[in-house]
Amino acid sequence: MPYPQAPWTLQGYAIQTLHLVNINRVRPLIPSELEIISVWPGKTIGSVYLANYGSGSVLEYSELIIAPALVHRQRKISPWISHIYVDNADSVAGGREIWGLPKELAEFTLEREYASVHQGNQKLCSFNYNQQSWAWPLQLGVSAFSIKGSDLLIFSIEFKSFLGLINSHLQIPAASPFSEIGLEQPWLTVRHQQMNLQVHAPNLID
């Protein structure tokens with residue numbers, strides 16, 4: 001199946017929520033090679049990230065990322081991705097074969113102040129949110145971990161956007177594959193506008 005080689009350039013917008021989650025609840029989802037970062041006794045940071053990559057991207061698609069914990073290894077800190085869904089088969093193939101990400105196909109409904117993600121008749125999650133009225137520029141470089149076969153990988157992401165705070169209501173049905181993580185209502189929701197990502201090829205961690 002054809003897909004672009006790394007790095008991938010992705011442009012669009014995203015909504016991201018942050019949550020405090022119980023470490024004991026998410027530990028089974030985290031590889032033993034990675035240490036979970038505690039930001040409060042017994043708590044780590046989880047995140048839900050919903051994005052749409054449009055014109056100017058190497059592939060145009062929507063994406064849902066579930067990150068149940070903040071982890072570290074070799075002085076690198078990153079959210080760990082346990083579930084990731086897209087609506088483009090080439091993105092599934094590239095994500096799995098280049099980065100070792102567990103991408104699956106899903107269907108996305110994206111409206112002005114509402115978004116939902118389904119796999120067939122199963123709703124994975126839905127958002128209600130408001131539009132931001134202001135934003136400030138953000139530019140940073142981050143690293144992310146993944147596993148391909150038995151290899152632990154790390155890859156870098158260069159990130160630019162205009163960041164704004166918004167209100168949101170997140171619903172995750174009990175039958176959703178990630179409902180047990182405990183991603184209750186977020187304590188913070190942000191919207192990334194005019195977003196530009198450069199996702200680089202991974203390197204093997206010894």
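Let us begin at histidine 19, whose side chain reaches the backbone oxygen of glutamate 184 at 2.7 Å. A second polar contact of this side chain, also at 2.7 Å, is made with the side chain of threonine 17. A polar contact here is a pair of N or O atoms within 3.5 Å; within protein, one must be able to donate a hydrogen and the other to accept it, and residues adjacent in sequence count only if both atoms are side-chain atoms.

Please note that this is a predicted model, in which local features need pLDDT of at least 70 and side-chain atom pairs count only at pLDDT 80 or more, while totals for chains, interfaces and linings use all residues. Residues are numbered from 1 along each chain as its sequence is written, and side-chain values use heavy atoms, with hydrogens and water left out.

Histidine 19 lies in strand S1; strands (E, at least two residues) and helices (H or I, at least four) are DSSP runs, numbered from the N terminus. Is histidine 19 buried or exposed? With a relative accessible area of 1%, histidine 19 is buried, a word that means under 20%, with exposed over 50% and partly exposed in between (1.4 Å probe, protein chains only). Not counting residues up to four places away in sequence, histidine 19 touches several residues, including Thr44, Leu170 and Trp187; contact means heavy atoms within 4.5 Å.

I turn now to the aromatic rings. Rings of Phe, Tyr and Trp (its six-membered ring) pair if their centres lie within 6.5 Å; planes under 30 degrees apart count as stacked, over 60 as edge-to-face and the rest as tilted. By this rule the model has five aromatic pairs. In one of them, tryptophan 8 and tryptophan 99 meet edge-to-face, 5.0 Å centre to centre and with 80° between the planes. Tryptophan 8 belongs to strand S1 (residues 8–22) and tryptophan 99 to helix H2 (residues 89–99), so this pair ties together parts 91 residues apart in sequence. Tryptophan 8 is buried at 1% relative accessible area, and tryptophan 99 is buried at 2%. Ring pairs link Trp8, Trp99 and Phe155 into a cluster.

How are the rings of tyrosine 53 and tyrosine 61 arranged? Their centres are 5.1 Å apart and their planes stand at 75°, so this pair is edge-to-face. Tyrosine 53 counts as buried at 2% relative accessibility, and tyrosine 61 is buried with a relative accessible area of 4%.
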